[in-house]
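Hello,

Here is the structure we talked about. Please open it alongside this message; my notes follow below it.

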Amino acid sequence: MTDARSPRFIQLPVADSIDDREAARAALLRHPASAAPKYFYDRLGSHLFEAITELPEYYPTRTEAAIFASHGAAMASVIGSRCSAGKPEITLIDLGAGNCVKASKLFPLLEPRRYVAVDISVEFLREALKRVQREQPALSVVGVGLDFSASLDLPAELIEGRPVFFYPGSSIGNFAPDEALAFLRRVHERAQGPAPGGGLLIGIDLVKPHDALQRAYDDALGVTAAFNLNLLRQLNRLIGSDFEPRQWQHVGLYNPIESRIEMHLEAREALAVRWHGTERRFATGERIHTENSYKYTVERFAALLQSAGFGATRYWTDERGWFAVFWASA
C-alpha cells in the first residue's frame with residue numbers, strides 16, 4: 001500500500017544505457033545527421049518546454065486546455081468515473097507527464113484510484129509528484145522513470161481496475177506514421193486489462209495554416225531555439241561529445257509534403273565534433289534533424305487508431321478546428 005503522504009517512484013531501464021549511447025552516436029554519423037527528441041528533456045529542457053507553452057505563438061497547450069475546459073464533462077461521461085454505475089475504478093497512466101498539471105485537471109472528472117506518471121525526465125518528475133501528492137493526499141501516486149517511446153513494459157501490479165492512458169499535447173506527432181502505429185498498438189495492448197473499459201485519451205494537433213505552424217515552432221523570443229540547442233548539452237553528457245552550442249542555430253520549418261513541422265540544428269560554420277576517438281565534420285549550413293511534429297486530420301487519426309486495434313472513438317475540437325482530443329476504447 002502506497003503511503004498517501006509520499007509518492008512512490010520506480011526507475012525502469014535508464015535512458016543512458018549502452019544501446020542508447022550507441023544509437024545516438026550512429027544517428028550523428030548518418031547523412032543527414034539526426035538526434036532523438038527525447039534528449040530535449042533533461043531538467044533544464046523540461047523547464048524550457050514549460051516556458052514554450054506560455055508563448056503567444058505556441059497555440060497547442062492553451063487550445064487543448066480550452067477543449068478540456070469546454071468538453072471535460074462530456075469526456076468523463078464517455079469514459080466513466082469512479083461513481084459511474086457498474087464501472088471499475090480507474091488507473092490513470094500519464095505518458096510524458098512533465099509537470100503533471102494536465103492530468104491533475106482530470107482528477108475531479110475521472111476520480112482515479114491511482115495515478116501513474118511516466119516520464120523520461122526523472123528529476124523533473126519527482127518534483128512534480130511531490131506537489132501532486134500534497135494536493136491529492138488520498139490518491140495513490142506512482143512515478144515511473146521510463147523512455148516509453150521504446151517500451152511500455154509497466155509493472156503489472158501498478159494497474160488496478162481500468163487502465164486509462166493519457167497522452168496529451170500531440171506528442172504522438174513526434175513519431176513517424178509507422179512508428180505512431182506501432183506505439184498505439186502497444187498502448188492498446190496494455191489498455192485492455194485487468195478490467196474492461198480502458199482506453200486512450202490523446203491530444204492531436206490538426207492540419208492548419210502554415211504560417212501559424214511556423215510561428216509556433218520558431219518564436220520571436222528564441223525560447224524554442226534554446227530548447228533545441230539544449231539537446232547538444234544532453235548529447236555531450238550522453239556520448240562524451242564536445243558540441244559547442246554557440247556554433248549552431250535553430251531552424252524550424254514546415255514540410256507540406258510530409259504534413260509535419262521539422263526542427264533542425266544548423267552549423268553556423270564548418271566544424272568538427274569529436275567523441276571517444278570518433279570525429280564528425282559538419283559543413284557550414286549542414287543540419288542535425290532533431291524533431292518532427294506530424295499534423296493530422298481527424299479522419300486520418302481515427303483511421304490510425306482503428307488500425308492499432310482500438311474500438312469506438314469520440315473526439316472533441318476547438319472552434320477553429322486546430323486541435324482535437326480523442327477518446328479511443330480498448
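**Aromatic pairs and what surrounds them**

At 7% relative accessibility, Y217 counts as buried. Keep in mind that the model is a predicted one. The cut-off for buried is under 20% relative accessible area, so Y58, at 6%, is buried as well.

These two residues belong together. How many aromatic pairs are there by the ring-centre rule? The count comes to 19. Y58 and Y217 make one of them, with 6.1 Å from centre to centre and 70° between the planes. That pair is edge-to-face. It also bridges distant parts of the chain, since the two residues are 159 apart. Y58 sits in the loop between α2 (43-53) and α3 (59-79). Y217 sits in the loop between α8 (210-216) and α9 (223-239).

Y58 and Y217 also belong to an aromatic cluster. Its other members are F40, Y41, F49 and F227.

Next, F68 and F166. Their ring centres are 5.9 Å apart and their planes stand at 75°. Planes over 60 degrees apart count as edge-to-face, so this pair is edge-to-face. It links distant parts of the chain too: F68 is in helix α3, F166 is in strand β6 (residues 162-167), and their positions lie 98 residues apart. Are these two rings buried or exposed? F68 is buried at 16% relative accessible area. F166 is buried at 1%.

**Charges over rings**

Two arginines are worth a look. The charged end of R280 sits over the ring of F282, 4.4 Å from the ring centre. The charged end of R320 sits over the ring of W322, and there the distance to the centre is 3.6 Å.

**Helix packing**

Which residues bring α7 and α10 into contact? First the geometry. Helix α7 (residues 177-190) and helix α10 (residues 298-307) have axes that come within 9 Å and cross at roughly 50°. The two helices are therefore oblique to each other. Their crossing is right-handed. On the α7 side the contact is made by P177, A180, L181, L184 and R185. On the α10 side it is made by R300, F301, L304, L305 and S307.

A second packing involves α2 and helix α6 (residues 122-135). Their axes are 7 Å apart, at an angle of about 60°. That makes α2 oblique to α6. R43, S46, H47 and E50 of α2 meet E123, F124 and E127 of α6.

**Two single residues**

R131 lies in helix α6. It is partly exposed, with a relative accessible area of 22%. Leaving out residues up to four places away in sequence, R131 touches N99, C100, V101 and S104. R131 and Q249 are 118 residues apart in sequence. In space, C-alpha to C-alpha, they are 36 Å apart.

G240 is in the loop between α9 and β8 (248-255). Its relative accessibility is 38%, so G240 counts as partly exposed. With residues up to four places away in sequence left out, G240 touches L235, R274, W275 and H276. Take R274 from that list: it is 34 residues from G240 in sequence, and the C-alpha atoms are 8.3 Å apart.

Best regards

Conventions:
Residues are numbered from 1 along each chain as its sequence is written. This is a predicted model: local features need pLDDT of at least 70, side-chain atom pairs count only at pLDDT 80 or more; totals for chains, interfaces and linings use all residues. Side-chain values use heavy atoms; hydrogens and water are left out. Rings of Phe, Tyr and Trp (its six-membered ring) pair if their centres lie within 6.5 Å; planes under 30 degrees apart count as stacked, over 60 as edge-to-face and the rest as tilted. Helices (H or I, at least four residues) and strands (E, at least two) are DSSP runs, numbered from the N terminus. Buried means under 20% relative accessible area, exposed over 50%, partly exposed in between (1.4 Å probe, protein chains only). A charge sits over a ring if NZ of Lys or CZ of Arg is within 6 Å of the ring centre and within 35 degrees of the ring normal. Axes are lines fitted to C-alpha atoms, for helices over the stretch in contact, and angles run from 0 to 180 degrees between N-to-C directions. Angles under 35 degrees count as roughly parallel, over 145 as roughly antiparallel, 65 to 115 as roughly perpendicular and the rest as oblique. A crossing is left-handed if the near helix is turned anticlockwise from the far one by less than a right angle, and right-handed if clockwise. Contact means heavy atoms within 4.5 Å.
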